[in-house]
Each structure stands twice: as C-alpha cells, then as structure tokens.
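This report looks at how parts of one protein chain are arranged and which charged side chains pair. Please look over the sequence and the model before reading on.

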Amino acid sequence: MTNITELNSLENWQNASRERREDICNSIINKLPGRFKLAKPYLIKNPQNGKEIEIPCFYDELYETPLNLIFGGDFIYGASSQHIESIRNIGTPNDWSMISQLIHQSEDNENTHISPFLMSRFPVYEWVLEENINLSNDEERPDFYSEDGPFPTYVTLQEAKSFLEKTGYRMPWDTEWEYVSKEFNNNLFICGEEIPSRDLSDDICLTQFGDARLNRAASNMFGIAGLAIAAFTRLGGVSDEIIVRGGAAGFYPFQHPSQWAMLLTELQVPLKNMPGQLAGLRLCLDIPNI
C-alpha cells in the first residue's frame, strides 16, 4: 500500500500542485525497475467541472507496455438491488435465468476501498507473449489478428502465471478490475448505463490497438482500453480463486444474451465457463512507497 496521500483520490491529485505531482511521478519512477520511463500523461476532462486531469503514465520499455496510474477511492463492489433490477429488466426472463447466477451482489451497499496502483492501458499483446513465454500450439485461441496494429491473445492460466513470474507483474484483484470498469460512476456496463445501439467494434469491443484515435475512443476515464477483452482476476480471500472478467469482444457481434452480458461490470465468469479455460492478461503493479 502506498504512503502517497495525493494518490488516494482523484480530488487529492487535482488539489496537489504541479510541482508536487511531478515530484511524485519522478519518485515512483526511481523506485520502479530501470526499464520504466515516464510517458506523456493521459489527459481527460473532469465531467463535474470540465477541468483537465493529467493521469500519469509509465512505460515499460522492455515489454513495450504503457501503464496508467489508477487513483485510489471507494466504490460499491458488486450489484446493488437497483442494479439487479435493471439487469433483470433488460432482457427476457430466460436471459435473466442464464446470467443471474454470475452476477455477484454487494454486501449491503457497503463501500470497498481501493488503494492506488498501476494498470496496463491495453491487454497484453500476442507478440509480447510469444517473445517471452512458450505458447502451446494445442490451444484454440480466439482470432484477434489484425494488420491494423497490435492485438491481444488469450492464454491458459499456466501461461499467464509464467509471464507474470518472468516480468514481475501481477494480475488485477477482482475489486480493482471492477473499480476501473465503474469509473467513479457505478457503471452498470463497462460502457456506461446502457449498451449503445451501434457498431461497437471501433471502441467498446475494439480488439486491435494500433490506431491512436480508436484507442482514445476505446479508453475509459482512467485511460484503460479493451475491458471487453476477457481478463483473469484474483478474488483473494480464503479461496484465492482466479475468475474471468469481460470477454464480450471475443463474441462480437453478439448472438446470445450471455455474450452481451459480458459487458456488465458485475458479471463474474468462472474460469471453467470460458472456452478452453482461456482469457487475456491485464498487467498491474503496486505503487512503491517513497
């Protein structure tokens, strides 16, 4: 857990002076492995006051991975009764019966605290995995191939663990993934309160990340893109179970209610339910004390 109070909330970060923010970023870089460099910050506008916010970005030169700083905060982890009712009303009773067991509910709408951390802007690309670990040729992986830029691939849990062990990264805690997907707004879907009735392949369900304009359109308030790509997360606790979040992009255009439901921020997919028990890999790092 970091001891940098300015990172404990977006408000704290905005209230810090530019000099203090620069000092924090430089201090973090000095504590990270030497392969990391400060990158151009990701810029967003605060929806409440319209002020520009600079989200620090750190670039891993060895694994060619940009990571954004995720500010700490409190949020409702799990579906509130209001969200449950909203999900139930979206589709048919049959739709609800198929997905209801995968919706995890909040505990009396209590807030869960998230400490600041670093998260990769994009899922790990296929070429990065191929250059660093042995990917089995026996797996039938979703085909995200594109000539328009780098694209992710799905891996087995053992392949994911091999990559994490080599690189020093970790997978997201499940609370962290949901916190990022809800964007301070308690989003029902990773794209907001509803699924737009248009082509989603150029933003929400984007699967190639070589176009800066599309990457921007696909990014949420934290600057994180590709949340519709399935990702391993760790539940922690006694079971320390690994589950899967996201995954809708692998089934787009949707043919079944269980596929669009994977855009829900509160849908937890057991690993055994994934074809081949495969998922993508999202990288995270704890922020060092300074």
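## Helices, sheet and salt bridges

Helix α7 (residues 174–182) lies across β3, β6 and β10, and runs at about 75 degrees to β6. The model described here is a predicted one.

The strands that α7 crosses belong to an open sheet of five strands, in the order β1-β2-β3-β6-β10, with antiparallel pairing. Its edge strands are β1 and β10 (284–286), each of which pairs on one side only. From one strand to the next the twist averages 30 degrees. Strands of a sheet pair through backbone hydrogen bonds, either parallel or antiparallel. Between β6 (residues 117–120) and β10 the antiparallel pairing covers three bridges. M119 has C284 in β10 as its bridge partner.

A second helix, α2, covers residues 18–31. With 14 residues at 1.5 Å a residue, α2 should span 20 Å, and its end C-alpha atoms are indeed 20 Å apart, so the two values agree. Which residues of α2 are buried? They are R21, I24, C25, S27, I28 and I29. Among the elements that cover these buried residues are α1 (10–15), β1 (36–45), β2 (52–60) and β3 (65–70).

The structure holds 13 salt bridges. Side chains of opposite charge can pair when their charged atoms come close. Three of these pairs are listed below, each with the distance between the closest N and O atoms.

| Pair | N to O distance |
|---|---|
| E54 and R18 | 3.5 Å |
| R170 and E176 | 2.9 Å |
| R170 and D286 | 2.8 Å |

The pair of E54 and R18 links distant parts of the chain, since E54 is in strand β2 and R18 in helix α2, 36 residues apart. E54 has a relative accessible area of 25%, so this residue counts as partly exposed. R18 is partly exposed as well, at 43%.

R170 appears in two rows of the table, with E176 and with D286. The pair of R170 and D286 also links distant parts of the chain: R170 is in the loop between α6 (157–167) and α7, while D286 is in strand β10, 116 residues apart. Is R170 buried or exposed? R170 is buried, because its relative accessible area is 17% and the cut-off for buried is under 20%. Its partner E176 is buried too.

Salt bridges also join into a network, which links D174, E178, K182, R245 and E266.

Notes
Residues are numbered from 1 along each chain as its sequence is written. This is a predicted model: local features need pLDDT of at least 70, side-chain atom pairs count only at pLDDT 80 or more; totals for chains, interfaces and linings use all residues. Side-chain values use heavy atoms; hydrogens and water are left out. Helices (H or I, at least four residues) and strands (E, at least two) are DSSP runs, numbered from the N terminus. The expected span of a helix is 1.5 Å times one less than its number of residues. Buried means under 20% relative accessible area, exposed over 50%, partly exposed in between (1.4 Å probe, protein chains only). Contact means heavy atoms within 4.5 Å. Two strands pair if DSSP finds at least two bridges between them. Axes are lines fitted to C-alpha atoms, for helices over the stretch in contact, and angles run from 0 to 180 degrees between N-to-C directions. A salt bridge is a side-chain nitrogen of Lys or Arg within 4 Å of a carboxyl oxygen of Asp or Glu.
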